[in-house]
Every structure is written in structure tokens, then in C-alpha cells.
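Please prepare a short report on the fold, the nonpolar core and the charged pairs of the structure shown here.

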Amino acid sequence: MTQHTSKPTAKQFGQRRRKEPMSEEGAGAPPNIPPENVEKKRNDYNRVVRQARLISIILDNVDFDIKPEAVAADKASIKRNISSDAQLVSFDSEDGSCFAKIVWKVDVHHNRKKIVKCKASYVVMYDNIKECPNEVVNIFVENVARPATYAFFRALYAHLDWSAGLASPPLPVVRYLPKV
């Protein structure tokens, strides 16, 4: 499983990671993005993180499919993949409302055959996000709203797994580490 980041990456702020040294005038930003724009985007993001209020996380849809061979599958030979997608659905910078849809998916494979699928989508609502560019709100949704839903999905999957009699190990605790 890939680790997710809770802090915005340099790429999200219009910066590129470089191995070679950069000139002083281009330090911290590619030549086509002025460093002051990158700094403004960081300040906007930090302001959104401080001011945003979580209104609600709502389970929108669940799709759980299990093949009969999943119950008898050898636990040592199964592979589980976890993925997620975060999408900004609606944002009004005047009233500060933000709606995002977060989709989590687990696929369990046994001998390259998918034997279990669990997909759940959540609607996440925030307010108090005013006068902020859409690009920064998208970064906020990716780095804040998506991790906020993972605990709910992890609990849902554990319940469905137990109900189906799979007895698979719990989903991992995801660590959101900054990319340095």
C-alpha cells in the first residue's frame, strides 16, 4: 500500500523536486512559476486548514461483492490492494461551503482472480472556506478530507469482512507522511 501524505507536496504547489542544484533566482519554484505565487498558495492552504470546519461525513454508497471461493481461500496466498480517489464536487468561495466525494476501494485477489471487492463512497462537507482558489481547495480535499474518511471505511470493511466470515486481517493503519 502506498503511504499518503497529509502535507501538500511540492508538486501540488507548482514546485518540482530536483536533484541538481538550482540557481538562486529559481530556488523553490520552476522558472515559469514565481516563488511568491508558490508562497501565496502555501499561505492559502494553511489558512484553509486553520479555518475549515467539518460539517459532516456521510456514507453515500457501498458495493461489496464476494465470490464463494473467498471463504475457503488460503489466507497466506491472498493479496489485498487498497486505493482511494478524492474529488471536489462543489465549492462556493462566497459562502465557504465545500463538498467532496471520497471513494475507497479494496480488492482481494487469490491466484490473480478477484475474490472480494469492497467499494465505499463518502460525501464530506466543510464550511468556512472563503475566498480561496479552487486549486488550493483541491489540495485540501486530497490531504485532509480523504484521510478523514479512512477510519470510517476501515471500520465498515471490518464489519463486512466479519459478516461474510472471511476472517481476514484488519486494514492497515495508514500513515500520512510528508514527502520530503
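The report below covers the overall fold, then the core, then the salt bridges.

**Overall fold**

The model is predicted. Its chain has three helices and four strands, and from the N terminus on these elements follow the order α-β-α-β-β-β-α. The chain has 180 residues, of which 37% are buried. Counting contacts between residues at least 6 apart in sequence, 72% link residues at least 24 apart. The exposed area of the chain is about 10,800 Å², and carbon and sulfur atoms account for 51% of that area.

**Nonpolar core**

The largest nonpolar core contains 38 residues, and Ile129 and Val141 touch the most other members. Two or more core residues come from each of helix 1 (35–51), strand 2 (78–92), strand 3 (97–110), strand 4 (113–127) and helix 3 (134–164). Helix 3 contributes the most, with eleven residues.

The surroundings of Ile129 can be listed in more detail. Leaving aside residues up to four places away in sequence, Ile129 touches Val48, Ala52, Phe91, Asp92, Ser93, Gly96, Cys98, Val137 and Phe140.

**Salt bridges**

The structure contains eleven salt bridges. The table gives three of them, with the distance between the N and O atoms.

| Lysine | Acidic partner | N to O distance |
|---|---|---|
| Lys67 | Asp65 | 3.3 Å |
| Lys113 | Glu69 | 2.4 Å |
| Lys114 | Asp107 | 3.7 Å |

In the pair of Asp65 and Lys67, aspartate 65 is partly exposed at a relative accessible area of 33%, and lysine 67 is partly exposed at 31%.

What does the salt bridge between glutamate 69 and lysine 113 tie together? Glutamate 69 belongs to helix 2 (residues 69–72) and lysine 113 to strand 4, so this pair ties together parts that are 44 residues apart in sequence. Glutamate 69 is partly exposed, with a relative accessibility of 32%. Lysine 113 is also partly exposed, with a relative accessible area of 43%.

Is aspartate 107, the partner of lysine 114, buried or exposed? Aspartate 107 has a relative accessible area of 12%, and because buried means under 20%, aspartate 107 counts as buried. Lysine 114, on the other side of this salt bridge, is partly exposed at 34% relative accessibility.

Salt bridges can also share partners, and in this way Lys40, Asp44 and Arg47 are joined into one network.

Definitions and conventions:
Residues are numbered from 1 along each chain as its sequence is written. This is a predicted model: local features need pLDDT of at least 70, side-chain atom pairs count only at pLDDT 80 or more; totals for chains, interfaces and linings use all residues. Side-chain values use heavy atoms; hydrogens and water are left out. Buried means under 20% relative accessible area, exposed over 50%, partly exposed in between (1.4 Å probe, protein chains only). Contact means heavy atoms within 4.5 Å. Accessible areas come from the Shrake-Rupley method with a 1.4 Å probe; for residues, only the protein chains shown count as cover. A nonpolar core is a set of buried Ala, Val, Leu, Ile, Met, Phe, Trp, Tyr and Cys residues joined through side-chain atoms within 4.5 Å. A salt bridge is a side-chain nitrogen of Lys or Arg within 4 Å of a carboxyl oxygen of Asp or Glu.
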